[in-house]
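I set out to record, entry by entry, what I looked up in this structure. The entries follow the order in which I consulted it.

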Amino acid sequence: IDFLFPVFPAYTQRAYSVFGNQNLLGGYVALCIPPVLSKILRPRKILICKLLFYSAVFSILLGALVVSSTRSAWLAAAVGCIWVITGRSALKKYRRTTALRWPQLLVLFVPLVLIVAASAPLIHSRLNATFSDDDIGGNSRIWFWAGACCMVRENFLFGVGLGNFAFWSPYYQGKALEAWGNDALYHNELHTVHAHSEPLEMAAESGIIGCLFILWFILPLLRRHRHETPALLTLAVFSCFNTISHSPSHLFAGLLLAGSVLVQNRTIRKS
């Protein structure tokens with residue numbers, strides 16, 4: 001639809017957005033899908049107008065997720081949705097979950113089947129190309145991760161310092177090529193400023209000391225079962241394949257969800 005979405009000749013990615021990267025677009029959309037799915041699958045009665053509204057939102061998000069062609073976002077959204085479907089009984093208010101009614105199943109599976117069927121060739125081509133010779137995104141990530149692992153190994157205790165990954169990246173990417181051999185890893189002349197894996201980049205920049213503080217923040221979240229948990233899990237899976245700490249939208253969403261979980265738990269304990 002060119003009059004709504006103009007074509008930029010120099011832009012080669014399938015989707016574009018304010019994020020400037022279709023992977024970040026896919027990750028943000030994936031983050032939004034599990035909360036909408038939980039609204040559709042809620043056990044108590046729901047008005048049909050609300051159910052149709054949530055179904056429309058779910059369809060738009062699912063379509064955007066597919067068009068983004070981001071496999072890590074597909075995986076993250078799948079993990080979050082599986083958590084919603086299988087983990088509802090973990091929520092106290094969902095322990096008396098009743099069987100899903102046919103309107104819920106209808107508004108969920110009809111758009112799901114239609115969108116997946118319409119985009120089957122795209123999904124098949126993206127999955128079939130995973131780690132093939134033409135898969136630049138996947139193969140380059142392996143090289144980035146190998147360099148990040150070299151950086152972690154040589155700066156295990158304190159890391160290279162916050163924000164210094166980009167400075168040391170060329171040196172350790174070269175060391176990875178020396179260790180594995182030029183033919184074992186895909187490489188190019190581009191300078192990667194991020195590890196394309198948030199855990200690896202955190203470990204490389206802050207070392208084991210910084211990772212302990214991060215775990216101190218994350219572990220309380222893992223013990224909670226709240227409505228925000230599937231979205232946080234989705235973001236966590238996506239961050240294993242991408243760097244989100246330098247994207248204000250993704251980082252703010254994650255901190256907002258995490259803060260909501262912690263505040264809810266404190267309120268419940270006080271009451």
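**Entry 1: a polar pair**

I began with E201 and H246, whose side chains I found joined by a polar contact of 3.4 Å. I then placed E201 in the fold: this residue belongs to helix 8. I looked for an ionic partner and found none, for E201 is buried and has no salt bridge. The nearest side chain of opposite charge is that of R141, at 11 Å. Leaving out residues up to four places away in sequence, I listed the neighbours that E201 touches as F165, V193, H194, A195, H196, T243 and H246.

**Entry 2: overall composition**

I note here that the model is predicted. I counted 10 helices and zero strands in the protein. Along the sequence I therefore wrote the pattern down as α-α-α-α-α-α-α-α-α-α, with helices and strands taken from DSSP runs. The protein has 271 residues, of which I recorded 42% as buried. I also checked how the contacts are distributed: among those with a separation of 6 or more, 77% join residues 24 or more positions apart. For the surface I noted an exposed area of about 15,900 Å², with 69% of it supplied by carbon and sulfur atoms.

**Entry 3: the salt bridge**

How many salt bridges does the structure hold? I found one. The bridge is formed by K175 and E154, and the closest N and O atoms are 2.4 Å apart. K175 lies in helix 7 (residues 165-180) and E154 in helix 6 (residues 136-154), so the pair ties together parts that are 21 residues apart in sequence. I then looked up the accessibility of both partners. K175 has 24% relative accessibility and counts as partly exposed; E154, at 40%, also counts as partly exposed.

**Entry 4: the loop residue N242**

Is N242 buried or exposed? I read a relative accessibility of 4%, so N242 counts as buried. I located N242 in the loop between helix 9 (229-239) and helix 10 (248-270). Its side chain reaches the backbone oxygen of F238 at 3.1 Å. With residues up to four places away in sequence not counted, N242 touches N23, S72, R141, H196, S197 and E198.

**Entry 5: helix 9**

I turned next to helix 9, and recorded it as mostly covered, with nine of its 11 residues buried. The buried residues are T229, P230, A231, L232, T234, L235, V237, F238 and S239. F238, in this list, is the residue whose backbone oxygen the side chain of N242 reaches.

**Entry 6: a nonpolar surface patch**

Which residues make the nonpolar surface patch of about 870 Å²? I listed L157, F158, I209, L212, F213, L215, W216 and L219. I checked the position of L212 and found this residue in helix 8 (residues 198-222), the helix in which E201 also lies. I add one general remark on helices: an α-helix has 3.6 residues a turn, so residues three or four places apart point the same way.

**Entry 7: V110 and S55**

Lastly I looked up V110, which lies in helix 4 (residues 102-118). At 40% relative accessibility, V110 counts as partly exposed. I compared its position with that of S55: the two are 55 residues apart in sequence, while their C-alpha atoms are 9.4 Å apart in space.

Methods
Residues are numbered from 1 along each chain as its sequence is written. This is a predicted model: local features need pLDDT of at least 70, side-chain atom pairs count only at pLDDT 80 or more; totals for chains, interfaces and linings use all residues. Side-chain values use heavy atoms; hydrogens and water are left out. Helices (H or I, at least four residues) and strands (E, at least two) are DSSP runs, numbered from the N terminus. Buried means under 20% relative accessible area, exposed over 50%, partly exposed in between (1.4 Å probe, protein chains only). Contact means heavy atoms within 4.5 Å. Accessible areas come from the Shrake-Rupley method with a 1.4 Å probe; for residues, only the protein chains shown count as cover. A salt bridge is a side-chain nitrogen of Lys or Arg within 4 Å of a carboxyl oxygen of Asp or Glu. A polar contact is a pair of N or O atoms within 3.5 Å; within protein, one must be able to donate a hydrogen and the other to accept it, and residues adjacent in sequence count only if both atoms are side-chain atoms. Patches are made of residues with over 30% relative accessible area and no salt bridge: like charges are joined within 9 Å, nonpolar side chains (Val, Leu, Ile, Met, Phe, Trp, Tyr) within 5 Å. Lys and Arg count as positive and Asp and Glu as negative; His and the chain ends are not counted.
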